[in-house]
Amino acid sequence: MIDRDQIVSEDELNAYVDGELPADRRNAVEAWLATHLDDAAKVAAWRKQAELIRARYGAAADEKPPQRLDVRRLTRRRYGAIAAAIAATVAAFVVGGAAGWTARGFEAPPPSDLARFTTDALDAYRLYVVEVRHPVEVSGDQRPHLVEWLSKRVGSPLRAPELDKMGLKLVGGRLLPGPTGATAFFMYEGPSGERFTLYCGHTTDQASALRYTVGEQNAAYYWVDGNLAYVLSGPAERDKLHAIAQAAYDQIDRRAPLQGG
Amino acid sequence: MSEFQEGIEAAIPALRRYARALTRDTETADDIVQDTLVRALRSEHLFHGGDMRAWLYTILTNLNRNRLRTLSRRPSMTPIKDSDAATSGPESGGRDITRALNELAEDQRSALLLVVLEGLTYREVAEVQGVPIGTVMSRLARARTQIKAYLDGERPALRRVK
């Protein structure tokens, strides 16, 4: 039951523009517009808006999608997730000094959490591994206290992986400012004095595979677990670093039950 | 490739177009499309037939909403500037449609784009946004009124930060 003389509402005008009105109502709106010029101007302006939007963005659908949106690739990666995590993507950029990193071979991606965390973690690594007397704020023999303190400051339950099986002992840790706020920094030491550090802070990054970055003398593996990004840094010996990163990655995996410190 | 995967692949161009207009940034848009595809491929068991495109728009719309929420929660030192698209186009400095879209609240922008750019019906948009049709209509009306005011040269309303 529609009264043809009723006032045409704003909603009806919108529905008219979008072709959502039933035929009889459409005629009523057209009759209304013939005598209500302000509404007719509105309708014209709305149609113009739609044209502008289509002119500006319509062509995006004609572009060839980039490789990373290839369904076959994405599907393969899904089945090969574990293999991919272990194989680790080699990121072909060189980590410079304080200047950060420069691209080589391909255009630099925008500074992602991967880049920001890795740069900061390697800076911290280089700064503190050379320290003899004060490499850490809280030493490794106070592991439960250290983990509790850093978890509280970072705002998420952390764990300092046990890497004794790899011959590494926890030297200790410290709190650092990071790309997204408070960041935990754990240092490990091997039998011949070589040091590795684990840097950990909040991220919104979704990726979870291990990502490798190599600098001149040191290198890093980056990964994300839940809302935390981790960077394991050490001397640039990829196999060794990978084994340690994998061990830390396995222990930190959220799905594994938390054990005290 | 399975029929399911083919359906997803066929929707990619439209998803890119929608995401591009929604974010006004090509890289961000493709990031969201990629996330959408990954989630969809992983959730085949959640898709019970019906319109695959609407399903994918729903995932994408939600992911973008989450993204904006996270961005607003995270304190950031990024310099505030208008989106690149707005400052580079031929109408740079002027009042173009990209800037007008920037001024809209996210739900209004998404409703308008789904209708005028993607050609969804009001009912489909209501499903994508998870709201009654009446809400979709008022979002559309407000979006159009605001864009018109903006393009007509009125001072933009203070942007709501949420």
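Helices, as counted here, are DSSP runs of H or I with at least four residues, and strands are runs of E with at least two, numbered from the N terminus. On that basis the secondary structure of chain A, in what is a predicted model, comes to eight helices and nine strands. Chain A has 261 residues, of which 33% count as buried. Among the contacts in chain A with a separation of 6 or more, 54% are between residues 24 or more positions apart.

**The contact between the chains**

Chain A brings 30 residues to its contact with chain B, and chain B brings 35 residues. On the side of chain A that touches chain B, the elements giving two or more residues are α1 (10-17), α3 (37-57) and α4 (71-79) of chain A, and α3(A) gives the most, with nine residues. Sorted by class, this side of chain A holds 14 nonpolar, seven polar and nine charged residues.

**Two helices with a buried and an exposed side**

Helix α3(A) and helix α2(B) can be set side by side, first by their dimensions.

| Helix | Residues | Span, first to last C-alpha | Expected span at 1.5 Å a residue |
|---|---|---|---|
| α3(A) | 21 | 30 Å | 30 Å |
| α2(B) | 17 | 24 Å | 24 Å |

In α3(A), the end C-alpha atoms lie 30 Å apart, which agrees with what 21 residues should span at 1.5 Å a residue. The buried residues of this helix are W46(A), Q49(A), I53(A), R56(A) and Y57(A), and because they cover an arc of only 95° around the axis, they fall on the same side of α3(A). The other side of α3(A) carries L37(A), A41(A), A44(A), R47(A) and A55(A), which are exposed. What do the buried residues of α3(A) pack against? Their partners are α1 of chain A together with α1, α5 (97-102), α6 and α8 (133-151) of chain B.

In α2(B), the buried residues are A29(B), D30(B), I32(B), V33(B), T36(B), L37(B) and A40(B); these cover an arc of only 160° around the axis, and therefore lie on the same side of α2(B). On the other side of α2(B), the exposed residues are E27(B) and R42(B).

**Helix α1(B), its crossing with α6(B), and the loop that follows**

The axes of α1(B) and of helix α6 (residues 106-116) of chain B come within 10 Å and cross at roughly 145°, and the crossing is right-handed. From α1(B) the contact involves Y18(B), A21(B) and L22(B), and from α6(B) it involves R109(B), S110(B) and L113(B). By class, the residues in this contact of α1(B) with α6(B) are four nonpolar, one polar and one charged.

R24(B) sits in the loop between α1 (3-23) and α2 (26-42) of chain B. Is R24(B) buried or exposed? R24(B) counts as buried because it has 20 C-beta neighbours inside 10 Å, the cut-off for a buried residue being 20 or more. The backbone of R24(B) has a positive phi of about 55°, although the residue is not a glycine. Most residues other than glycine have a negative phi.

**An exposed proline in chain A**

P144(A) belongs to helix α7 (residues 143-154) of chain A. With 10 C-beta neighbours inside 10 Å, P144(A) counts as exposed, since that class takes residues with 12 or fewer. Measuring from C-alpha to C-alpha, P144(A) and R159(A) are 9.4 Å apart in space, while in sequence they are 15 residues apart.

Methods
Residues numbered from 1 in each chain as written. Chains lettered and ligands numbered in written order. Predicted model: local features only at pLDDT ≥ 70, side-chain atom pairs only at ≥ 80, totals over all residues. Contact = placed C-beta atoms within 7 Å. Nonpolar A, V, L, I, M, F, W, Y, C, P; charged D, E, K, R; others polar. Axes fitted to C-alpha atoms, helices over the stretch in contact; angles between N-to-C directions. Left-handed = near helix turned anticlockwise from the far one by under 90°. Expected span 1.5 Å × (residues − 1). Arc of directions from axis to C-beta.
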